[in-house]
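Work through these exercises with the structure open beside you. Try each task before you read its solution.

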Amino acid sequence: MILDNINQELLILKEKKNYRSLPQLTHEGRDVIVNGQRMLNLSSNDYLGLANDLSLREEFLKNLTPESFLPTSSSSRLLTGNYTVYEELEQQLSTMFGAESALVFNSGYHANTGILPAVSDARTLILADKLVHASLIDGIRLSSAKCIRYRHNDLPQLQRLLEENHSMYEKIIIVTESIFSMDGDEADLQALVRLKHNYSNVLLYVDEAHAFGARGKKGLGCAEEQNCINDIDFLIGTFGKAAASAGAYIICRQIIREYLINKMRTFIFTTALPPIQIQWTSWVLKHLTDFRKKREHLLQISRQLKEALSDKGYQCPSVSHIVPMVVGASEDTIKKAEELQRKGFYALPVRPPTVPEGTSRIRFSLTADITENEIDRLIEIINQ
Ligand SMILES: *Cc1c(COP(=O)(O)O)cnc(C)c1O
């Protein structure tokens with residue numbers, strides 16, 4: 001039977017405790033309810049707490065009518081789906097970032113799997129950080145470029161690879177995240193920019209999925225914080241996390257935007273996001289600068305948790321709102337996560353292959369609507 005193999009593979013996944021299923025959970029504001037138990041959600045990407053902000057939604061809804069509520073674009077933007085709200089959002093983004101141009105995509109996954117194949121060919125070398133997100137790995141796989149992964153944030157190694165390879169390729173693209181998903185640590189973007197500027201054929205691609213909205217005075221991300229927005233050739237971010245919406249963007253030169261519109265398959269061959277979603281994104285972004293207090297609070301509680309974990313002897317590389325508690329063995333990690341859940345905190349274990357063997361962890365993903373008292377309570381439980 002053709003399905004026997006599939007069944008066999010599922011059994012193996014179950015045996016290895018790597019089987020996944022969709023969790024049954026309901027949301028109530030900041031809480032999730034799982035198996036009848038209410039817990040504070042410490043695993044959300046709603047970094048500014050905007051997805052829970054009713055007043056933001058109420059204001060937005062005031063201006064809507066059945067005529068202006070457009071739940072579908074009915075087409076790719078290259079055909080009839082190019083509603084004016086898209087170009088308005090792109091103009092808004094270019095202005096916010098002080099950049100030449102912007103292009104909006106259906107998701108961060110579309111962005112990363114579409115841009116890299118579009119801009120590279122067999123004469124391209126991609127140098128990617130060892131810990132980049134699966135969507136970037138898939139983008140690299142779909143491209144015809146050669147790829148070498150460098151050790152996480154190891155800039156001396158990256159420098160050696162650039163030196164050895166720059167004359168052998170037409171172009172080299174360095175691919176990194178700014179804040180990394182699993183360690184919550186950060187790339188030194190300024191140092192990457194300096195490295196890139198040593199060569200005429202090196203481009204820099206930075207995914208700010210976890211940083212957009214959460215970092216920088218204006219909330220534009222680590223590139224704003226490190227003052228190098230215009231030195232990054234492909235500056236990517238998603239609207240699905242701190243911006244409490246859906247979709248993604250690239251900030252880039254005009255010529256790159258034009259090229260992507262012509263070549264990027266995940267942009268061309270898909271129905272554009274609903275105009276109403278774009279309007280909501282635009283609405284949130286209009287307020288992004290105002291959320292500075294939220295960003296400061298988020299950093300404050302993140303430091304509080306990180307320091308407590310370090311004091312307790314946990315290895316914790318985080319410098320952001322993603323705060324891992326590296327336990328080591330998978331079994332122990334699962335037990336710890338279950339204990340936290342029993343005590344009202346919805347924290348999830350992350351195990352191999354998502355993280356390296358022996359570094360299973362509880363991954364806290366904090367949001368700005370969590371209070372210092374709640375973090376204190378969490379720390380008490382961790383210290384018990
Ligand atoms: C979440 C994430 C993405 C995907 O973005 P979506 O808009 O959710 O598709 C891409 N890159 C990184 C680093 C992410 O964390």
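**Exercise 1. A covered helix**

Which residues of α7 are buried? Then find what covers them.

Solution. This is a predicted model, so treat each value as computed from it.
Step 1. Go along α7, which spans 189-197. The buried residues are Leu-189, Ala-191, Leu-192, Val-193, Leu-195 and Lys-196.
Step 2. Look at what lies over these residues. The cover includes the helices α6 and α8 (222-225). It also includes the strands β6, β7 and β8 (202-207).

**Exercise 2. A second helix, handled likewise**

Name the buried residues of α5 and the elements that cover them.

Solution.
Step 1. Helix α5 covers residues 134-142. Ser-135, Leu-136, Ile-137, Gly-139 and Ile-140 are buried there.
Step 2. Among the elements covering them are α4, β5 (124-129), β6, β7 and β8.

**Exercise 3. A serine in a loop**

Where is Ser-178 placed? Is Ser-178 buried or exposed?

Solution.
Step 1. Find the loop between β7 (171-177) and α7 (189-197); Ser-178 sits in that loop.
Step 2. Check the accessibility. The relative accessible area of Ser-178 is 1%. Buried means under 20%, so Ser-178 is buried.
Step 3. List the contacts, leaving out residues up to four places away in sequence. Ser-178 touches Asp-185, Glu-186, Ala-187 and Leu-189. Ser-178 also touches Val-206, Asp-207, Glu-208, Ala-211 and Cys-222.

**Exercise 4. Two helix pairs**

Describe how α3 packs with α11, and how α4 packs with α9.

Solution.
Step 1. Know what to report. Two packed helices are described by the angle between their axes and the distance between the axes.
Step 2. Take α3 (residues 84-97) and α11 (residues 275-286). Their angle is about 25°, and their axes are 9 Å apart. Angles under 35 degrees count as roughly parallel, so α3 and α11 are roughly parallel to each other. Their crossing is left-handed.
Step 3. Name the residues that meet. From α3 come Val-85, Tyr-86, Leu-89, Gln-92, Leu-93 and Met-96. They meet Pro-275, Ile-278, Gln-279, Thr-281, Ser-282, Leu-285 and Lys-286 in α11.
Step 4. Turn to α4 (residues 108-119) and α9 (residues 254-263). Here the angle is about 100° and the axes are 10 Å apart. The range 65 to 115 counts as roughly perpendicular, so α4 and α9 are roughly perpendicular to each other.
Step 5. Ile-115, Ala-118 and Val-119 in α4 meet Tyr-259, Leu-260 and Lys-263 in α9.

**Exercise 5. Domains and cores**

Into which domains is the protein divided? Which residues of the largest nonpolar core touch the most other members?

Solution.
Step 1. Mark domain 1 (16-45 + 291-383) and domain 2 (84-286). Their centres, taken over C-alpha atoms, are 27 Å apart. The contact takes 18 residues from domain 1 and 19 residues from domain 2.
Step 2. Find the largest nonpolar core, which has 88 residues. Leu-93, Phe-97, Leu-305, Phe-364 and Leu-366 touch the most other members. This core draws at least three residues from each of the two domains.
Step 3. Note another core, apart from that one. It has 28 residues, including Leu-103, Ala-118, Phe-234 and Cys-252.
Step 4. Return to Phe-97. Set aside neighbours within four places in sequence. Phe-97 is then in contact with Phe-212, Leu-220, Ile-229, Leu-235, Tyr-249 and Ile-251.

**Exercise 6. Backbone exceptions**

What is phi of Ser-74 near, and of Asn-153 about? Which peptide bond is cis, with omega near 10°?

Solution.
Step 1. Recall the background. Most residues other than glycine have a negative phi, and most peptide bonds are trans.
Step 2. Ser-74 has phi near 60°, a positive value. Ser-74 lies in the loop between α2 (54-62) and α3. At 59% relative accessibility, Ser-74 is exposed.
Step 3. Asn-153 has a positive phi of about 55°. Its loop runs between β6 (146-150) and α6 (155-165). With a relative accessible area of 26%, Asn-153 is partly exposed.
Step 4. The bond from Pro-352 to Pro-353 is cis. Pro-353 is in the loop between β13 (348-350) and β14 (360-365).

Notes:
Residues numbered from 1 in each chain as written. Predicted model: local features only at pLDDT ≥ 70, side-chain atom pairs only at ≥ 80, totals over all residues. Heavy atoms only, no water. Core = buried A, V, L, I, M, F, W, Y, C linked by side-chain atoms within 4.5 Å. Buried < 20%, exposed > 50% of the residue type's maximum accessible area, 1.4 Å probe, protein only. Domains from an automatic or database assignment. Contact = heavy atoms within 4.5 Å. Axes fitted to C-alpha atoms, helices over the stretch in contact; angles between N-to-C directions. Helix = DSSP H or I, 4+ residues; strand = E, 2+ residues; numbered from the N terminus. Parallel < 35°, antiparallel > 145°, perpendicular 65-115°, else oblique. Left-handed = near helix turned anticlockwise from the far one by under 90°.
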